[in-house]
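Please look over the sequence and structure shown here. A short briefing on fold, burial and charge pairing accompanies them.

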Amino acid sequence: VQDRGPGHYFSPSPDSASRPRTIELTLPDVHLQLQTDAGTFSPGAVDAGTKLLLLEGAAPVDQPSQLLDLGCGYGPVALVLAHRAPQATVWAIDVNERARDLCRRNAEAHELANVRVAAPDEVPDDVRFDGVWSNPPIRIGKQALHDLLARWLGRAAPGARAHLVVQRHLGADSLARWLDEQGWPTHRARSRGGYRLLDVVLDPGAGA
Ligand SMILES: C[S@@+](CC[C@H](N)C(=O)[O-])C[C@H]1O[C@@H](n2cnc3c(N)ncnc32)[C@H](O)[C@@H]1O
């Protein structure tokens with residue numbers, strides 16, 4: 001069931017009444033307290049798929065680079081990437097203004113100055129991403145998701161990969177096939193608890 005109503009987590013300006021709370025994200029290497037709110041994705045606890053991406057997905061290389069958290073929500077992925085790769089700039093982008101505000105505040109609270117929170121159109125055109133991490137917004141619908149991925153994965157730097165977490169029953173395998181068909185070789189890095197971690201080669205010519 002798709003709900004594109006204004007109160008949904010992927011609406012630009014959620015109108016659901018604010019219900020702030022603090023949740024914890026505990027990983028082996030980092031512990032974060034995160035402010036969340038109604039009208040954002042998974043406000044009661046960090047999503048299980050997001051946790052899998054952060055526990056078992058590829059770690060970023062700590063070097064000066066541009067990383068992307070596509071659909072940052074209140075920021076769990078962006079903040080962990082920024083913590084693990086302090087030399088990198090982590091672009092945290094989202095259409096949802098309330099989510100962006102929370103992500104910005106969460107990054108500030110953890111003194112992660114290398115997080116750059118932005119609306120999609122605010123990212124300068126010349127930025128190319130050395131790595132992309134995302135729990136993508138599957139519920140926006142298949143065509144919108146394809147358009148979103150084509151837009152952002154098409155901005156990869158040489159040698160870049162994307163690391164996506166998608167629920168199997170929400171179409172992880174057909175998404176993997178579509179990515180392959182776009183010329184981005186995709187393999188299933190993990191499969192656990194109904195989630196797939198997809199590793200996507202964004203620059204198949206690199207190293208050839
Ligand atoms: C599944 S949630 C993941 C949020 C966060 N990364 C997490 O793991 O908790 C996907 C996010 O994508 C955002 N989103 C939806 N459409 C988008 C678009 N066109 N561009 C950027 N972000 C979008 C939603 O607002 C939502 O916050």
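The points below go from the whole chain to single residues.

This is a predicted model, in which local features need pLDDT of at least 70 and side-chain atom pairs count only at pLDDT 80 or more, while totals for chains, interfaces and linings use all residues. Residues are numbered from 1 along each chain as its sequence is written, and side-chain values use heavy atoms, with hydrogens and water left out.

**Overall fold**

- The protein has 5 helices and 9 strands, taken as DSSP runs (H or I of at least four residues for helices, E of at least two for strands) and numbered from the N terminus.
- Their order along the sequence is β-β-α-β-α-β-α-β-β-α-β-α-β-β.
- The radius of gyration is 16 Å, which agrees with the value near 17 Å for a compact globule of 208 residues; it is taken over C-alpha atoms, and the globule rule is 2.2 Å times the number of residues to the power 0.38.
- Along the principal axes, the C-alpha atoms fill a box of roughly 50 × 40 × 35 Å.
- Of the contacts between residues at least 6 apart in sequence, 68% join residues at least 24 apart, a contact being heavy atoms within 4.5 Å.

**Burial**

- Buried residues account for 50% of the 208 residues (buried is under 20% relative accessible area, exposed over 50%, partly exposed in between, with a 1.4 Å probe and protein chains only).
- Asn106 lies in helix H3 (residues 97-109) and counts as buried because its relative accessible area is 1%.
- Leaving aside residues up to four places away in sequence, Asn106 touches Gln33, Leu34, Gln35, Tyr74 and Leu79.

**Salt bridges**

- The structure holds 7 salt bridges, each defined by a side-chain nitrogen of Lys or Arg within 4 Å of a carboxyl oxygen of Asp or Glu.
- One of them joins Asp29 and Arg84, at 2.8 Å from N to O.
- Asp29 sits in the loop between strand E1 (21-27) and strand E2 (30-36), and Arg84 is in helix H2 (residues 76-84), 55 residues apart.
- Asp29 is partly exposed at 39% relative accessibility, and Arg84 is partly exposed at 21%.
- Glu56 pairs with Arg190 at 2.6 Å, N to O, linking helix H1 (residues 48-56) to strand E8 (residues 186-192) across 134 residues.
- Glu56 also bridges to Arg192, with the closest N and O atoms 2.4 Å apart; this pair is separated by 136 residues.
- Glu56, Arg190 and Arg192 thus form a network of salt bridges.
- Within this network, relative accessibility is 23% for Glu56, 37% for Arg190 and 48% for Arg192.
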